[in-house]
Amino acid sequence: MTDLQWWQREIIYQVYPRSFQDSDGDGIGDLAGITRRLDYIRDLGAGVVWISPIFPSPMKDFGYDITDYRGIEPMFGDLDDFDALIEAAHARGLKVLLDFVPSHTSDQHPWFVESRSSRDNPKRDWYIWCDPMEDGPPTNWISEFGPTTWNWDEATGQYYLHIFLDSQPSLNWRNPQVQDEMLETMRLWYARGVDGFRVDAITHIAPDVDKGDHPPDPDWQEGMNPSGRLSKVHSKNQPFGYETVRMMRRVTEETPGNLLLGETDGTLDNVMSYYGDDLDGFHLPFNFRLLDIEWTVPNIRETVEAYEAALPEGAWPTWVIGNHDCIRIASRVGARRARLAMTLMLCLRGTPTIYQGDELGIPSAKIPPDKVQDPWEKQVPGQGLGRDPSRTPMPWDDSEGAGFTDGDPWLPIEVPPDGPVSAQDAGSMLAYVRRLIALRQSSDALLQGAYRTLGAEEDLYVFAREAEGERLVIALNFADTPRPAPDGDTVLSSHDATGPLVPGEARILRT
Ligand code: NOJ
């Protein structure tokens, strides 16, 4: 067996800072709160903490709209709190990843304020400005969050490009000054002790406006996300985007051992392309396949096999079943199968990322209309696109405020069927996930053994992980009725079952 890098061995745990732990009673989580809860993450068995953006921001997109890449949002704390968090994490053997948002800033970022102040401002070309076409926008592009990607600036008579909200203008990475500034920012955080970055929206970093209009997407149908109506062939996955990843990778390599994880949505080929031709792109391009497909056994089998087959030589896989942008896994697959879903992700080959609260089985919450926060939901209400349901605060205990806050939580708190953390006893989802992680972290077969499908009939998915001297069989019963269990000695059962697999059970056997 080969020695693994830490980012191949460890599990990543995603913290959504607004919703993890409040320490000052304002109803919003903060850095001191995260530091207080590091033992929880370590005891879960995760080794890496990825924290969604914590930089100064008007919070139009909850931190994905930054006004200063080198500071800390006061709501979350200050640089001293940040240093304390890094120190406390490292003291516990935890690595820390920050969220780098290079493709766009806030429209309140001083660079953009300058850029829009006049056509000849030195920062004009830090963003993407275009003249109108026949009194309309330069292209027909649709934003990720709603209508056009273009916003008219009356004062200077040009449009600026925004792939997301109109308050998130796209940076012009073709400008070497932008590159220098952003890469230097990465260096500063590395020098401060961070162990890597999750890079946001990388597929959108190098839109090529000169290529003109987008054609209709033939796969789009009425009722789907309106943003997908056109095929984003000129704005996404452009050749220069890969060059920017190589730049970020080179900076990352300046400190040996650091990690670059990319938010790479799109087709299987797209995802693979972000490893780089010579593996000089992301160490780990996020693999969202399990978020994209309908969860049937044949679909999952095909997805896993196609992904394994497509990986370039030497590339390390990743899996994820939840994040702050999508419906909670416990709601997608139903409470009965939440443990099964976690078992699937943690037993596949590659680095898994657990989204905070999925280890408790938190479902997506119903957010009353007067509590809606997500700008996307506000822009296209009632279409099921809002992300608040998966961003509710962590339920730590059964006190008022759930141990999350002494104040009024920014979103209602959703308590999972097994209760808050303090109530999750030996038979709970949390206890099961802890046992599952402990098994994974101590098993060569699960950490680096080969994957092999053994069966995928109807509702029963069975696969093996095989390393020298160790072979584990993982059986997942998606059905509502019992299914025969494979032969072998049970190492772990999600439902403490023996005999046939009970409905929704995940069982790991040694053979
Ligand atoms: C992806 C992030 O995960 C999402 O939350 C955000 O709205 C967009 N990128 C824009 O930064």
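Which elements do the buried residues of α4 pack against? This report answers that from a predicted model, then turns to the ligand.

## Helix α4

Helix α4 covers residues 79-91. Its buried residues are Phe82, Leu85, Ile86, Ala88 and Ala89. They pack against three helices and two strands named here: α2 (31-36), α3 (38-44), α6 (176-191), β2 (48-51) and β3 (95-100).

The helix has 13 residues. At 1.5 Å a residue they should span 18 Å, and the end C-alpha atoms are 18 Å apart, so the two values agree.

## The ends of α4

Asp78 sits at the start of α4. One of its side-chain oxygens comes to within 3.0 Å of the backbone nitrogen of Asp80. At the other side, Gly93 follows α4. The phi of Gly93 is positive, near 75 degrees.

## Around the ligand

Which residues surround the ligand? The shell consists of Asp61, Tyr64, His104, Phe145, Phe164, Arg198, Asp200, Glu263, His324, Asp325, Arg387 and Arg391. By class, 7 are charged, 3 are nonpolar and 2 are polar.

## Polar contacts and cover

Polar side-chain atoms reach oxygen atoms of the ligand. For Asp325 the distance is 2.5 Å. For Arg387 it is 3.0 Å. An N or O atom in the side chain of Arg198 is 3.1 Å from a ligand oxygen. How much of the ligand's accessible area does the protein cover? On its own the ligand has 300 Å², and the protein covers 96% of this area.

Definitions and conventions. Residues numbered from 1 in each chain as written. Predicted model: local features only at pLDDT ≥ 70, side-chain atom pairs only at ≥ 80, totals over all residues. Heavy atoms only, no water. Near = heavy atom within 4 Å. Polar contact = N/O pair within 3.5 Å; in protein donor to acceptor, adjacent residues only side chain to side chain. Areas by Shrake-Rupley, 256 points an atom, 1.4 Å probe, with all protein chains shown as cover. Nonpolar A, V, L, I, M, F, W, Y, C, P; charged D, E, K, R; others polar. Helix = DSSP H or I, 4+ residues; strand = E, 2+ residues; numbered from the N terminus. Expected span 1.5 Å × (residues − 1). Buried < 20%, exposed > 50% of the residue type's maximum accessible area, 1.4 Å probe, protein only. Contact = heavy atoms within 4.5 Å.
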